[in-house]
Amino acid sequence: MKAIVSDIKLQLCRLCTIVENMLALSGMMRASFGTTYRRCGKPTCWCAGHNEKGHPCTKLMWTDESGPKTRAVRNEDTHTVLKAIEQYREYKKLRRAFRTEAKQLDKLLNLFECHTTRVNRSKMGYAGPE
Ligand SMILES: [Zn+2]
């Protein structure tokens with residue numbers, strides 16, 4: 001019984017640490033990052049050549065309630081945007097870990113519930129044959 005309670009408290013600490021680490025990633029941004037190529041349209045530009053894909057253009061992609069979204073990223077923002085997306089990757093990892101550990105906590109709480117009920121039923125004289 002004591003073992004179950006201390007396992008539950010330990011598991012709760014594990015979850016708490018994960019959540020603290022998630023909350024520390026306040027600079028994250030849920031999006032992905034890609035490069036597209038675009039011709040600028042000037043007939044004298046190098047990109048007008050037949051074998052040219054065009055100027056590289058960094059884009060930000062995400063999905064919200066109304067569907068997928070894409071925005072071109074300003075050159076001066078590239079580093080900041082990349083850092084924010086990197087933080088989101090870390091956040092996602094922690095989120096997965098959270099779910100796993102939360103399931104484990106739920107299992108332990110079930111164990112506590114069953115064990116405590118059995119003990120108290122027995123104490124009150126309602127144990128009966130198993
Ligand atoms: Zn061009």
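Axes here are lines fitted to C-alpha atoms, for helices over the stretch in contact, and angles run from 0 to 180 degrees between N-to-C directions. With that in hand, here are some close-ups of this predicted model.

**View 1. Helices α1 and α2 pack against each other with axes within 9 Å.** Two packed helices are described by the angle between their axes and the distance between the axes. Here helix α1 spans residues 2-23, and its axis crosses that of α2 at roughly 160°. Angles over 145 degrees count as roughly antiparallel, and α1 and α2 are therefore roughly antiparallel to each other. The crossing of α1 past α2 is left-handed. If you sort the residues of this contact by class, you will find 17 nonpolar, four polar and four charged ones.

**View 2. Helix α2 runs through 46 residues.** Follow the helix from its first C-alpha to its last and you cover 66 Å. That is close to the 68 Å expected at 1.5 Å a residue. Look just after α2 for G125, whose phi is positive at about 80°.

**View 3. Three strands form an open sheet in the order β1-β2-β3.** Strands of a sheet pair through backbone hydrogen bonds, either parallel or antiparallel. In this sheet the pairing is antiparallel. The edge strands, each pairing on one side only, are β1 (32-38) and β3 (67-72). On average, neighbouring strands of the sheet are turned by 35° against each other, direction ignored. Helix α2, residues 78-123, packs on this sheet and touches β1 and β2. The direction of α2 makes about 140° with that of β1.

**View 4. Strands β1 and β2 pair over seven bridges.** The sense of this pairing is antiparallel. To find your bearings in this view, start from T35, whose bridge partner in β2 is T58.

**View 5. A hairpin joins β2 to β3.** Two residues make the connection between these strands. Strand β2 covers residues 55-64, and its antiparallel pairing with β3 takes in six bridges. Two positions are handy landmarks here. T63 stands opposite P68 in β3, and W62 has K69 of β3 as its bridge partner.

Technical notes. Residues numbered from 1 in each chain as written. Predicted model: local features only at pLDDT ≥ 70, side-chain atom pairs only at ≥ 80, totals over all residues. Pairing = 2+ DSSP bridges. Helix = DSSP H or I, 4+ residues; strand = E, 2+ residues; numbered from the N terminus. Contact = placed C-beta atoms within 7 Å. Expected span 1.5 Å × (residues − 1). Parallel < 35°, antiparallel > 145°, perpendicular 65-115°, else oblique. Left-handed = near helix turned anticlockwise from the far one by under 90°. Nonpolar A, V, L, I, M, F, W, Y, C, P; charged D, E, K, R; others polar.
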